[in-house]
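Here is a short report on one protein chain. Keep the sequence and the 3D view side by side as you read.

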Amino acid sequence: CQPVVGDERTCASKFIEVFGPRAFRRPLDSDEQARLLAVYDWGFAEVGFNRGIELVIQAVLQSPHFLYRVEFGMPDPVEGDVVALSPHEMASRLSYMLWSSMPDEELFKAADEGRLGTPEEIETQARRMLEDPRARQAVANFNSQWLGLSHMESMKKDPATYPQYDESLRPLWR
């Protein structure tokens, strides 16, 4: 939004309502929104609108909820100590597993609507996400880490053990 003189706080509140959930990958609770609005108010009182928004961005980007994928789970344990993930936590898990990135709009919408609670709903989203080119990158990255492919260039083959080894094979390993 564009701040209007005298109504900057409304614009800041709208910014927090959009930016916060994207950064934290889940809806903000009312306490979090209030704290971020208080950060904005402090910056606004010191310098003005831009400084208030800048401080909100700094606060969000330094929060453990942005830096880490914090998972609280659903309120009631499923069985013993097993706690089901919330729809937003499931969306985050799916997106980072399959894309190495945050959820897209469709995944956020599914989480907002509570559509990630059954295996079928999760499978639907996973299949959709696997069709995206980002999934290929994530799988390639996983395999590279798992198989230690980043060390391949420095690997040496013992000619006595592997007499038929040819250095031209190295690129084919990848």
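Lys156 sits in the loop between helix H8 (133-147) and helix H9 (170-173). The model is predicted, so its values are computed from the predicted atoms. Is Lys156 buried or exposed? Its relative accessibility is 71%, so Lys156 counts as exposed, because the cut-off for exposed is over 50%. Now look along the chain to Glu167. Lys156 and Glu167 are eleven residues apart in sequence. In space, their C-alpha atoms are 9.6 Å apart.

**Salt bridges**

How many salt bridges are there? The count comes to ten. Three of them are described here, and the table gives the N to O distance for each.

| Pair | N to O distance |
|---|---|
| Glu54 and Arg51 | 2.5 Å |
| Arg134 and Asp132 | 3.0 Å |
| Arg128 and Glu106 | 3.3 Å |

Start with Glu54 and Arg51. Both belong to helix H3 (residues 49-62). They are three residues apart, about one turn of the helix. Glu54 has a relative accessibility of 38%, so it counts as partly exposed. Arg51, at 29%, is partly exposed as well.

Next comes Arg134, which pairs with Asp132 in a salt bridge. The relative accessible area of Arg134 is 31%, so this residue is partly exposed.

Last is the salt bridge between the side chains of Arg128 and Glu106. This pair links distant parts of the chain. Arg128 lies in helix H7 (residues 119-130), while Glu106 lies in helix H6 (residues 105-112). The two residues are 22 positions apart. Arg128 is partly exposed at 23% relative accessible area. Glu106 is partly exposed at 41% relative accessibility. Which residues make up the network around this pair? Asp104, Glu106 and Arg128 are joined into one network by salt bridges that share partners.

**Two helices side by side**

Stay with H6 and H7. Two packed helices are described by the angle between their axes and the distance between the axes. Here the axes of H6 and H7 come within 11 Å. They cross at roughly 175 degrees. That angle makes H6 roughly antiparallel to H7, because angles over 145 degrees count as roughly antiparallel. Which residues meet between the two helices? From H6 come Glu106, Leu107 and Ala110. From H7 come Gln125, Arg128 and Met129. Glu106 and Arg128 are thus on this list, and they also form a salt bridge.

**Residues with a positive phi**

Most residues other than glycine have a negative phi, and most peptide bonds are trans. Two residues deserve a look here.

Arg25 has a phi near 65 degrees, a positive value in a residue other than glycine. Where is Arg25? It lies in the loop between helix H1 (8-24) and helix H2 (30-46). Is Arg25 buried or exposed? Its relative accessible area is 6%, so Arg25 is buried, because the cut-off for buried is under 20%.

Ser100 is not a glycine either, and its phi is positive at about 55 degrees. Ser100 is placed in the loop between helix H5 (87-98) and H6. Its relative accessible area is 45%, so Ser100 is partly exposed.

**Around Tyr96**

Tyr96 is in helix H5. With a relative accessibility of 23%, Tyr96 counts as partly exposed. What does Tyr96 touch, not counting residues up to four places away in sequence? Its contacts are Arg25, Arg69, Ser101 and Met102. One of these, Arg25, is the buried residue from the section above. Another is Arg69, 27 residues from Tyr96 along the chain. The C-alpha atoms of Tyr96 and Arg69 are separated by 9.6 Å.

**A nonpolar patch and a proline**

Which residues make the nonpolar surface patch of about 400 Å²? They are Leu61, Phe66, Leu67 and Tyr68. Leu61 is in helix H3. Its relative accessible area is 36%, so Leu61 is partly exposed.

Pro64 belongs to helix H4 (residues 64-67). At 45% relative accessibility, Pro64 is partly exposed. Pro64 and Met97 are 33 residues apart along the chain. Their C-alpha atoms are separated by 20 Å.

Definitions and conventions:
Residues are numbered from 1 along each chain as its sequence is written. This is a predicted model: local features need pLDDT of at least 70, side-chain atom pairs count only at pLDDT 80 or more; totals for chains, interfaces and linings use all residues. Side-chain values use heavy atoms; hydrogens and water are left out. A salt bridge is a side-chain nitrogen of Lys or Arg within 4 Å of a carboxyl oxygen of Asp or Glu. Helices (H or I, at least four residues) and strands (E, at least two) are DSSP runs, numbered from the N terminus. Buried means under 20% relative accessible area, exposed over 50%, partly exposed in between (1.4 Å probe, protein chains only). Patches are made of residues with over 30% relative accessible area and no salt bridge: like charges are joined within 9 Å, nonpolar side chains (Val, Leu, Ile, Met, Phe, Trp, Tyr) within 5 Å. Accessible areas come from the Shrake-Rupley method with a 1.4 Å probe; for residues, only the protein chains shown count as cover. Axes are lines fitted to C-alpha atoms, for helices over the stretch in contact, and angles run from 0 to 180 degrees between N-to-C directions. Angles under 35 degrees count as roughly parallel, over 145 as roughly antiparallel, 65 to 115 as roughly perpendicular and the rest as oblique. Contact means heavy atoms within 4.5 Å.
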